[in-house]
Amino acid sequence: MKQLHKSSPTHAPSPAHAPAPKSAKPTRPGPRSWIGYLLREQRLLFVLLGALIASTFFLLRPYLSLTASSHLPDARPLFSFASRSGVPAGFRPPPRRVVVTGGAGFVGSHLVDRLLEQGDSVIVVDNFFTGRKENVAHHLRNPRFELLRHDVVEPILLEVDRIYHLACPASPVHYKYNPIKTYKTNVMGTLNMLGLAKRIGARFLLTSTSEVYGDPLEHPQKETYWGHVNPIGVRSCYDEGKRTAETLTMDYHRGGGVEVRIARIFNTYGPRMCLDDGRVVSNFVAQVCL
Ligand SMILES: O=C(O)[C@H]1O[C@H](OP(=O)(O)OP(=O)(O)OC[C@H]2O[C@@H](n3ccc(=O)[nH]c3=O)[C@H](O)[C@@H]2O)[C@H](O)[C@@H](O)[C@@H]1O
C-alpha cells in the first residue's frame, strides 16, 4: 500500500511543499515558443479561418443589410426569393438614384418602368418634343418618381448614381423638323449630361443608333465597322449628331475617367409608339392596317 501511494499522481505534493526548482529565474517566452505554440494542435489554421470569416463578413456587410439605405422612401430587402423577369431569383441589385433624359418617349418610358420595378428612384428629364406625359402618368403617384420639363441643351444639376441619356427625336419626321435643334440636342445635350456625370461621378449611358453606320456597305454591321455616312445630307443632323455624341462619350471616358456605356439601337417597335411615328416598323404596320 505504501508503494502504491508513492507512485499515485493524485497525491502529488502540493506546490507549497514541493522543492523549489533549480533555476528560479522566470523566463519570458521567446518568439520561437510562440511560433511553436501556434503551430501545435492546428491553432494557426483556426486563427486564419477566423480572420477569413471576419473579413468576409465586413466585405459583404453593405449587401447583407436587410433594408435599403434610408434616403429612399420605400426601403426594401436586397435579397428576395421571388424570381422576376430577367433578374436571377434571389438577387436584386441595390436601389439607385437615376436620371433618364427623354424618359417620356417610347424607349425611355419602358426603361423607366423597368428601373422603378427594380426599386430605383427615377427622375425623368424631358422637353416633351416627341414624348408624352401619358407614357409615364402611371408613375406620378410613386414617391420614387419625379418628372421634370427641361431641355437638355441647358445644363442641369442633379445628384444621381446613373445617367441614361436618351433625349433626342428618333423618327426621321421629327429629327428633320428642326435639324439644327436635333444636332444641338445631340452635341450640347450630351456635353451637359457628360459634364454632370463627371462632376458627380455617375455612370453614363448614351442611346445611340444604327444610323451611325449611315448607308452601310457591310451587312449586318459589326460594332467594329465605322460606317459610310453622308455628312451633308438631310439625315446628317441625326446620324452625325449621334456620332458626335458617341465621340464625346468616349472622350469623357478616356480623358475624364467617366464610366460609360453606348447602346446602338436598331429598329424598335411596341406599345406607346405612335402609328404615324415615321419609322420603318410602324410604317409597315400602318401600310398593312390602313
Ligand atoms: O431608336 C433610337 O435610335 C432612339 O431610341 C430612343 O428614341 P425613342 O424613344 O424611340 O423616340 P421618342 O419616343 O421620340 O423619344 C425621345 C424622347 O426624347 C425627348 N426629347 C427630344 C428632343 C429634345 O430636345 N429633348 C427631349 O427631351 C422627347 O420628348 C422624347 O420623350 C432614344 O430616346 C433615342 O436617343 C435613340 O436614338
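Which of the 25 residues around the ligand come nearest? Let me answer that straight away, with the reminder that we are looking at a predicted model. The nearest ones are Gly 102, Gly 105, Thr 130, Gly 131 and Leu 166.

Let's stay with the ligand for a moment. By class, its shell is made of 12 nonpolar, 11 polar and 2 charged residues. Among the secondary structure elements, α4, residues 106-117, and β5, residues 203-209, each bring at least two residues to that shell. The biggest share comes from α4, which supplies 3.

Now, the annotation. An unreviewed UniProt entry puts a domain called "NAD(P)-binding" at residues 100-288. In our model that span is 36% helix and 16% strand, and the C-alpha atoms at its two ends are 34 Å apart.

On to the sheet, if you'd like to turn the model with me. It is an open sheet of 6 strands, and reading across you get β3-β2-β1-β4-β5-β6, with parallel pairing. At the edges sit β3, residues 145-149, and β6, residues 260-265, each with pairing on one side only. From one strand to the next, the twist averages 15 degrees.

Let me pick out one pair of neighbours. β4, residues 162-165, pairs with β5 in the parallel sense, over 4 bridges. If you want a spot to zoom in on, find Ile 163, which faces Phe 204 in β5.

Finally, two helices to look at against the sheet. Helix α6, residues 179-200, lies across β1, β4 and β5, and runs at about 170 degrees to β4. Helix α7, residues 236-256, lies across β5 and β6, at about 155 degrees to β5.

Thanks, everyone!

Key:
Residues numbered from 1 in each chain as written. Predicted model: local features only at pLDDT ≥ 70, side-chain atom pairs only at ≥ 80, totals over all residues. UniProt positions renumbered as here; feature names shortened; annotations may be inferred. Near = placed C-beta within 6 Å. Nonpolar A, V, L, I, M, F, W, Y, C, P; charged D, E, K, R; others polar. Pairing = 2+ DSSP bridges. Axes fitted to C-alpha atoms, helices over the stretch in contact; angles between N-to-C directions. Contact = placed C-beta atoms within 7 Å.
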